[in-house]
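User: I am new to this structure. Please take a close look at one part of it for me, and set that part in the context of the chain.

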Amino acid sequence: MLPYYDVIVVGGGHAGCEAAAAAANLGSKTLLITMDMTKYAQMSCNPAMGGIAKGQIVREIDALGGYSGIVTDRSSIQFRMLNQSKGPAMWSPRAQSDRARFTEVWRHLLENTDNLDLWQDAVVSLHIEDKKVTGVTTKKSIDYFAGSVVLTN
(Lines give C-alpha, C1' and ligand atoms only; values in the text may rest on other atoms or scores of the structure.)
Protein backbone atom coordinates (compact mmCIF):
# COMPACT_ATOMS: atom_id res chain seq x y z
CA MET A 1 0.00 0.00 0.00
CA LEU A 2 1.22 3.43 -0.91
CA PRO A 3 0.50 6.72 0.81
CA TYR A 4 0.06 8.43 -2.60
CA TYR A 5 -2.00 7.31 -5.61
CA ASP A 6 -2.96 8.84 -8.91
CA VAL A 7 -6.62 7.99 -8.19
CA ILE A 8 -8.48 6.98 -5.03
CA VAL A 9 -11.99 5.55 -5.48
CA VAL A 10 -14.23 5.51 -2.41
CA GLY A 11 -17.01 2.92 -2.53
CA GLY A 12 -17.02 -0.59 -3.99
CA GLY A 13 -20.46 -0.63 -5.58
CA HIS A 14 -21.07 -0.90 -9.33
CA ALA A 15 -19.83 2.62 -10.10
CA GLY A 16 -16.81 2.35 -7.79
CA CYS A 17 -15.69 -0.97 -9.24
CA GLU A 18 -16.00 0.36 -12.80
CA ALA A 19 -14.21 3.62 -11.91
CA ALA A 20 -11.33 1.83 -10.16
CA ALA A 21 -10.90 -0.70 -12.96
CA ALA A 22 -11.03 2.02 -15.63
CA ALA A 23 -8.45 4.20 -13.89
CA ALA A 24 -6.11 1.27 -13.27
CA ASN A 25 -6.48 -0.05 -16.82
CA LEU A 26 -5.57 3.40 -18.16
CA GLY A 27 -2.29 3.19 -16.22
CA SER A 28 -3.12 5.21 -13.10
CA LYS A 29 -1.93 3.83 -9.76
CA THR A 30 -5.34 3.37 -8.15
CA LEU A 31 -6.69 2.59 -4.68
CA LEU A 32 -10.24 1.29 -4.18
CA ILE A 33 -11.49 1.69 -0.61
CA THR A 34 -14.66 -0.14 0.40
CA MET A 35 -16.17 -1.06 3.74
CA ASP A 36 -16.67 -4.73 2.86
CA MET A 37 -14.54 -6.51 0.27
CA THR A 38 -16.99 -9.44 0.21
CA LYS A 39 -19.66 -7.21 -1.34
CA TYR A 40 -18.05 -5.67 -4.43
CA ALA A 41 -20.81 -4.47 -6.78
CA GLN A 42 -23.42 -6.22 -4.64
CA MET A 43 -26.67 -6.68 -6.48
CA SER A 44 -30.10 -5.97 -5.05
CA CYS A 45 -32.68 -8.63 -4.26
CA ASN A 46 -33.54 -8.60 -7.99
CA PRO A 47 -30.08 -9.46 -9.36
CA ALA A 48 -30.61 -8.51 -12.99
CA MET A 49 -28.70 -6.54 -15.60
CA GLY A 50 -30.49 -5.32 -18.66
CA GLY A 51 -33.85 -3.93 -19.50
CA ILE A 52 -34.47 -0.81 -21.55
CA ALA A 53 -32.59 1.69 -19.35
CA LYS A 54 -29.96 -0.36 -17.50
CA GLY A 55 -29.31 -2.44 -20.60
CA GLN A 56 -28.30 0.71 -22.49
CA ILE A 57 -25.92 1.73 -19.70
CA VAL A 58 -24.35 -1.75 -19.61
CA ARG A 59 -23.79 -1.59 -23.40
CA GLU A 60 -22.12 1.81 -23.07
CA ILE A 61 -19.89 0.58 -20.21
CA ASP A 62 -18.98 -2.45 -22.34
CA ALA A 63 -18.12 -0.25 -25.34
CA LEU A 64 -15.78 1.76 -23.11
CA GLY A 65 -13.98 -1.37 -21.89
CA GLY A 66 -15.83 -1.79 -18.59
CA TYR A 67 -16.53 -5.06 -16.82
CA SER A 68 -20.25 -5.07 -15.90
CA GLY A 69 -21.30 -6.98 -19.01
CA ILE A 70 -18.44 -9.45 -18.68
CA VAL A 71 -19.22 -10.10 -15.01
CA THR A 72 -22.90 -10.53 -15.85
CA ASP A 73 -22.10 -13.06 -18.58
CA ARG A 74 -19.88 -15.06 -16.20
CA SER A 75 -22.44 -15.13 -13.38
CA SER A 76 -25.77 -15.39 -15.22
CA ILE A 77 -28.37 -18.02 -14.51
CA GLN A 78 -31.08 -16.83 -16.93
CA PHE A 79 -31.34 -14.70 -20.08
CA ARG A 80 -34.61 -13.19 -21.36
CA MET A 81 -35.70 -10.87 -24.12
CA LEU A 82 -38.16 -8.35 -22.67
CA ASN A 83 -41.09 -6.71 -24.46
CA GLN A 84 -41.30 -9.20 -27.32
CA SER A 85 -45.02 -8.50 -27.65
CA LYS A 86 -44.10 -4.95 -28.75
CA GLY A 87 -42.11 -3.72 -31.73
CA PRO A 88 -38.38 -4.46 -32.14
CA ALA A 89 -37.42 -1.01 -30.87
CA MET A 90 -38.74 -2.01 -27.45
CA TRP A 91 -37.03 -5.40 -27.25
CA SER A 92 -34.41 -5.49 -24.56
CA PRO A 93 -32.21 -8.33 -23.26
CA ARG A 94 -32.00 -8.95 -19.53
CA ALA A 95 -29.77 -11.37 -17.64
CA GLN A 96 -30.40 -12.56 -14.11
CA SER A 97 -27.23 -13.36 -12.17
CA ASP A 98 -26.33 -15.43 -9.16
CA ARG A 99 -25.77 -12.67 -6.57
CA ALA A 100 -22.89 -14.38 -4.78
CA ARG A 101 -21.18 -15.41 -8.02
CA PHE A 102 -21.54 -11.87 -9.41
CA THR A 103 -19.59 -10.45 -6.45
CA GLU A 104 -16.99 -13.26 -6.63
CA VAL A 105 -16.31 -12.59 -10.30
CA TRP A 106 -15.98 -8.85 -9.66
CA ARG A 107 -13.54 -9.46 -6.82
CA HIS A 108 -11.45 -11.82 -8.95
CA LEU A 109 -11.25 -9.26 -11.77
CA LEU A 110 -10.32 -6.45 -9.38
CA GLU A 111 -7.71 -8.51 -7.55
CA ASN A 112 -6.07 -9.32 -10.89
CA THR A 113 -6.08 -5.79 -12.29
CA ASP A 114 -2.62 -4.23 -12.59
CA ASN A 115 -2.14 -0.81 -10.91
CA LEU A 116 -5.05 -1.45 -8.51
CA ASP A 117 -4.77 -1.79 -4.74
CA LEU A 118 -7.79 -2.77 -2.64
CA TRP A 119 -8.38 -1.64 0.93
CA GLN A 120 -11.19 -2.53 3.35
CA ASP A 121 -11.97 0.45 5.54
CA ALA A 122 -14.36 3.37 5.85
CA VAL A 123 -13.42 6.85 4.70
CA VAL A 124 -14.27 9.30 7.48
CA SER A 125 -12.91 12.57 6.10
CA LEU A 126 -11.50 14.23 3.02
CA HIS A 127 -8.31 16.27 2.75
CA ILE A 128 -9.08 19.52 0.97
CA GLU A 129 -6.48 22.03 -0.19
CA ASP A 130 -7.35 25.12 -2.24
CA LYS A 131 -10.90 23.81 -2.80
CA LYS A 132 -9.57 20.51 -4.22
CA VAL A 133 -9.88 17.07 -2.64
CA THR A 134 -6.33 15.76 -2.29
CA GLY A 135 -6.83 12.68 -0.14
CA VAL A 136 -8.81 10.77 2.46
CA THR A 137 -8.54 9.64 6.07
CA THR A 138 -9.94 6.24 6.97
CA LYS A 139 -11.60 4.98 10.13
CA LYS A 140 -8.34 3.17 10.91
CA SER A 141 -6.66 6.64 10.94
CA ILE A 142 -4.71 6.04 7.73
CA ASP A 143 -4.16 8.95 5.37
CA TYR A 144 -4.02 8.38 1.61
CA PHE A 145 -3.35 11.12 -0.90
CA ALA A 146 -4.06 11.33 -4.61
CA GLY A 147 -4.22 13.55 -7.64
CA SER A 148 -7.90 12.64 -8.01
CA VAL A 149 -10.48 11.29 -5.58
CA VAL A 150 -13.65 9.70 -6.94
CA LEU A 151 -16.56 9.41 -4.49
CA THR A 152 -19.07 6.69 -5.39
CA ASN A 153 -20.24 5.96 -1.85
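Analyst: What follows starts with the whole chain and then turns to one buried aspartate and the strands and loops around it.

This is a predicted model. The chain has 153 residues, and 40% of them are buried. Its secondary structure comes to four helices and nine strands. From the N terminus on, the order is β-α-β-β-α-α-β-β-α-β-β-β-β. The C-alpha trace spans about 55 × 30 × 25 Å along its principal axes. Among contacts with a separation of 6 or more, 59% join residues 24 or more positions apart. The chain exposes about 8,600 Å², and carbon and sulfur atoms supply 54% of that area.

Now the close look, at Asp-121. Asp-121 sits in the loop between strand S6 (116–120) and strand S7 (123–129). Is Asp-121 buried or exposed? Asp-121 is buried, yet it has no salt bridge. The nearest side chain of opposite charge belongs to Lys-140, 4.8 Å away. A salt bridge has to fall within 4 Å, so this pair, at 4.8 Å, does not count as one.

What does the side chain of Asp-121 reach instead? One partner is the backbone nitrogen of Lys-139, which lies 3.4 Å from a polar atom of that side chain. Another is the backbone nitrogen of Lys-140, at 3.5 Å. So Lys-140 appears twice: its backbone nitrogen is reached by Asp-121, while its side chain forms no salt bridge with Asp-121.

Leaving out residues up to four places away in sequence, Asp-121 touches two stretches of the chain. One holds Ile-33, Thr-34 and Met-35. The other holds Thr-138, Lys-139 and Lys-140.

Next come the loops further along. Asp-130 lies in the loop between S7 and strand S8 (132–138). Its phi is positive, about 50 degrees, although Asp-130 is not a glycine. Asp-130 counts as exposed because its relative accessibility is 80%. By contrast, Asp-121 is buried.

Ser-141 belongs to the loop between S8 and S9. Ser-141 also has a positive phi, near 65 degrees, and is a residue other than glycine. Ser-141 is exposed because its relative accessible area is 60%.

Last, the surface. Leu-126, Ile-128 and Leu-151 form a nonpolar patch there. Together they have about 280 Å² of accessible area. Leu-151 is placed in strand S9 (residues 143–151). Leu-151 counts as partly exposed because its relative accessibility is 47%.

Key
Residues are numbered from 1 along each chain as its sequence is written. This is a predicted model: local features need pLDDT of at least 70, side-chain atom pairs count only at pLDDT 80 or more; totals for chains, interfaces and linings use all residues. Side-chain values use heavy atoms; hydrogens and water are left out. Helices (H or I, at least four residues) and strands (E, at least two) are DSSP runs, numbered from the N terminus. Buried means under 20% relative accessible area, exposed over 50%, partly exposed in between (1.4 Å probe, protein chains only). Lys and Arg count as positive and Asp and Glu as negative; His and the chain ends are not counted. A polar contact is a pair of N or O atoms within 3.5 Å; within protein, one must be able to donate a hydrogen and the other to accept it, and residues adjacent in sequence count only if both atoms are side-chain atoms. Contact means heavy atoms within 4.5 Å. Patches are made of residues with over 30% relative accessible area and no salt bridge: like charges are joined within 9 Å, nonpolar side chains (Val, Leu, Ile, Met, Phe, Trp, Tyr) within 5 Å. Accessible areas come from the Shrake-Rupley method with a 1.4 Å probe; for residues, only the protein chains shown count as cover.
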